[in-house]
Amino acid sequence: MAVLIAGFVLVLAGIAMLVLPGPGLLVIFLGCVVLATEFVWAHHVLRRGLAVVPARWRSGIERTIAPAKAPDPDIAQPGG
């Protein structure tokens, strides 16, 4: 629950920083990194966002992003 709250706070703060002084895009990126540690959908958003990053920066950024966690088979999945 803490990861969810921290990630969304960072993303919302980053969105606010797009119009206010501050490093908005960097904070949004950090929020997505925090969310991607627990949520597969956030990992996909992060990967899709990397497509717009210039190629010379992409290799360094991709090394810092951990692979998405596989769902735990012991936990019942919705709809299944």
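**Figure 1. Gly-31 within helix α2.** In this predicted model, Gly-31 is a residue of helix α2. Gly-31 has a relative accessibility of 0% and therefore counts as buried. When neighbours within four places in sequence are left aside, the contacts of Gly-31 are with Gly-7, Leu-10 and Val-11. For Leu-10, the separation from Gly-31 is 21 residues along the chain, while the C-alpha atoms of the two lie 4.7 Å apart.

**Figure 2. Ala-36 and its contacts in α3.** Ala-36 also belongs to helix α2. Its relative accessible area is 8%, so Ala-36 is buried, the limit being under 20%. Apart from residues up to four places away in sequence, Ala-36 touches Ala-42, His-43 and Leu-46. These three partners, Ala-42, His-43 and Leu-46, are among the buried residues of α3. A further distance relates Ala-36 to Gly-7: the two are 29 residues apart in sequence, and their C-alpha atoms are 8.8 Å apart in space.

**Figure 3. The largest nonpolar core.** Six residues make up the largest nonpolar core, namely Val-11, Cys-32, Leu-35, Ala-36, Ala-42 and Leu-46. Two or more residues of this core come from each of the elements α2 (24-36) and α3 (40-50). The greatest contribution is that of α2, which supplies 3 residues. Within the core, Ala-36 is in contact with both Ala-42 and Leu-46. Val-11, another member of the core, is one of the contacts of Gly-31. In soluble globular proteins, nonpolar side chains tend to be buried together.

**Figure 4. The two faces of helix α3.** Ala-42, His-43, Leu-46 and Leu-50 are the buried residues of α3. Viewed down the helix axis, the buried residues of α3 are confined to an arc of 105°, and they therefore line one face of the helix. An α-helix has 3.6 residues a turn, so residues three or four places apart point the same way. On the face of α3 turned away from the buried side are the exposed residues His-44 and Arg-48. The two histidines of this view thus differ in setting, because His-43 is buried, at under 20% relative accessible area, whereas His-44 is exposed, at over 50%.

**Figure 5. A nonpolar patch on the surface.** The residues Leu-12, Ile-15, Leu-18, Val-19, Leu-20 and Leu-25 form a nonpolar surface patch. Their accessible area together is about 660 Å². One of these residues, Leu-18, is located in the loop that lies between α1 (2-17) and α2.

**Figure 6. The protein chain as the setting of the close-up views.** The secondary structure consists of 4 helices and 0 strands, and the order of elements from the N terminus is α-α-α-α. The chain has 80 residues, of which 20% count as buried. Its accessible surface is about 5,900 Å², with 72% of this area belonging to carbon and sulfur atoms. Of the contacts between residues at least 6 apart in sequence, 34% join residues at least 24 apart.

Methods. Residues numbered from 1 in each chain as written. Predicted model: local features only at pLDDT ≥ 70, side-chain atom pairs only at ≥ 80, totals over all residues. Heavy atoms only, no water. Core = buried A, V, L, I, M, F, W, Y, C linked by side-chain atoms within 4.5 Å. Buried < 20%, exposed > 50% of the residue type's maximum accessible area, 1.4 Å probe, protein only. Contact = heavy atoms within 4.5 Å. Patch = residues over 30% accessible without salt bridge, like charges linked within 9 Å, V, L, I, M, F, W, Y side chains within 5 Å. Areas by Shrake-Rupley, 256 points an atom, 1.4 Å probe, with all protein chains shown as cover. Salt bridge = Lys/Arg side-chain N within 4 Å of Asp/Glu carboxyl O. Arc of directions from axis to C-beta.
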